Amino acid sequence: MPQIDQYAVFGHPISHSKSPRIHGLFAKQTSQTLNYVARDVPADAFESNAGTFFAAGGKGLNCTVPLKELAWRYADTLTERARLSKAVNTLARQPDGRILGDNTDGMGLVNDLMTNNRIGLSGYRILILGAGGATRGILPPILEHHPGDITIANRTPAKAETIAYEFSHLGKLISSDFPGLAGRQFDLIINATSASLSDQLPPLPEKLLAANGSCYDLAYANEPTAFVRWGLQQGARLSLDGLGMLVEQAAEAFYLWRGIRPETSPVIKLLDGERGESSVPA
Ligand code: ATR
């Protein structure tokens with residue numbers, strides 16, 4: 001009997017991961033036979049676990065916090081966007097046995113912004129909060145859509161400066177600290193800090209959001225995040241969290257592995273509907 005193709009997501013913590021569910025829905029929708037599981041893998045066990053997984057014939061891995069940089073180092077070969085990002089969220093076994101590293105986060109964000117929510121990027125003044133791996137991951141696909149400029153603001157400004165310098169050949173990038181944003185305005189503000197995870201908000205000056213501007217938090221939760229709430233208070237046209245991006249980055253990984261692109265909107269709708277259920281009286 002042929003063996004079922006094996007996939008997994010590694011991360012730490014991982015128990016709340018929606019990835020097995022999402023890939024299960026994609027597999028069903030596209031009539032693909034595969035198995036996708038979540039495994040709790042701390043950073044110091046990543047290399048041995050990935051080695052064992054691929055040695056046993058595993059076809060592909062997703063890697064999440066805190067493993068994306070390790071996965072970048074682990075890959076035998078990288079897509080251009082992963083090379084630039086220095087972070088990998090998807091590993092794929094190639095026919096020759098080599099392991100390809102890709103980063104589908106940025107494409108996932110761009111698809112959710114542009115296709116699902118009709119937020120354009122061309123000519124936009126974009127502000128990205130944070131200068132960690134998440135920011136690196138989203139920059140290459142955003143820059144492909146020719147925004148007017150991108151400002152990266154970070155608590156530790158030197159990290160924003162480094163990223164702005166590294167990506168400067170791809171577009172106009174400006175670095176800043178948070179107080180330095182005062183008096184400026186943006187069409188799109190993206191929160192790529194990990195502050196949302198503890199329901200905190202970077203200290204942002206007032207009136208940053210231009211009329212008709214939108215906000216997007218890369219994080220997602222059952223309730224609106226602190227940043228999504230902030231966006232609404234600032235009068236954002238749309239203030240979204242990262243559920244759509246999560247599903248879209250998974251679809252890009254699925255396409256890389258299986259060569260077939262699942263439909264994302266029914267999956268986003270399903271997961272979005274489910275998170276409201278806990279706050280609806282029984
Ligand atoms: P990730 O891979 O998710 O990007 P990271 O590389 O650890 O994680 O980066 C986290 C980012 O969130 C950093 O930009 C961090 O700011 P510093 O570089 O100054 O540490 C930012 N961050 C985390 N908590 C924050 C908070 N409470 N307020 C503002 N920025 C915060």
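1. Strands here are DSSP runs of E of at least two residues, numbered from the N terminus, and in that sense N212 lies in strand β11. The model is a predicted one, and N212 deserves a careful look in it, since this residue has a positive phi of about 75 degrees although it is not a glycine. At 59% relative accessibility N212 counts as exposed, because the cut-off for that class is over 50%.

2. A second residue to inspect for its backbone is D199, where phi is near 55 degrees, again a positive value in a residue other than glycine. D199 is found in the loop between β10 and β11 (209-217), and its relative accessibility of 43% makes it partly exposed. As background to both points, most residues other than glycine have a negative phi, and most peptide bonds are trans.

3. Two cis peptide bonds should be checked as well. One joins H12 and P13, with omega at about 5 degrees, and P13 has its place in the loop between β1 (5-11) and α1 (19-30). Another joins V65 and P66, with omega at about 0 degrees, and P66 lies in the loop that runs between β3 (60-63) and α3 (68-74).

4. The domain assignment divides the chain into domain 1, made of residues 5-103 together with 246-274, and domain 2, made of residues 106-241. The centres of the two domains, taken over C-alpha atoms, are separated by 25 Å, and the contact between them takes 11 residues from domain 1 and 14 residues from domain 2.

5. An open sheet of six strands follows the order β9-β8-β7-β10-β11-β12, with parallel pairing. Its edges are taken by β9 (173-176) and β12 (239-240), and since each of these has a single partner strand, one side of each is left without a neighbour in the sheet. At the β9 edge, four bridges join β8 to β9, which run parallel, and T151 has I174 in β9 as its bridge partner. Helix α7 lies across β8 and β9, and runs at about 170 degrees to β9.

6. Which residues touch the most other members of the largest nonpolar core? Within this core of 27 residues they are L109, I128, L139, I142, I150 and I190. The elements that give two or more residues to the core are α5 (105-116), β7 (125-129), α6 (133-143), β8 (149-153), α7 (157-166) and β10 (186-191), and α6 gives the most, with four residues. Leaving aside residues up to four places away in sequence, L109 touches I138, I142, I190, Y216, L218 and M245. A second, separate core holds 20 residues, among them A27, L34, A92 and A250. In general terms, nonpolar side chains tend to be buried together in soluble globular proteins.

7. Helix α9 (residues 243-258) can be tested against its expected length: at 1.5 Å a residue, its 16 residues should span 22 Å, and the end C-alpha atoms are indeed 22 Å apart, which agrees. Of the 16 residues of α9, 13 are buried, so the helix is largely enclosed by the rest of the structure. Just after α9, G259 takes a positive phi of about 70 degrees.

Terms used. Residues numbered from 1 in each chain as written. Predicted model: local features only at pLDDT ≥ 70, side-chain atom pairs only at ≥ 80, totals over all residues. Heavy atoms only, no water. Expected span 1.5 Å × (residues − 1). Buried < 20%, exposed > 50% of the residue type's maximum accessible area, 1.4 Å probe, protein only. Core = buried A, V, L, I, M, F, W, Y, C linked by side-chain atoms within 4.5 Å. Contact = heavy atoms within 4.5 Å. Pairing = 2+ DSSP bridges. Axes fitted to C-alpha atoms, helices over the stretch in contact; angles between N-to-C directions. Domains from an automatic or database assignment.
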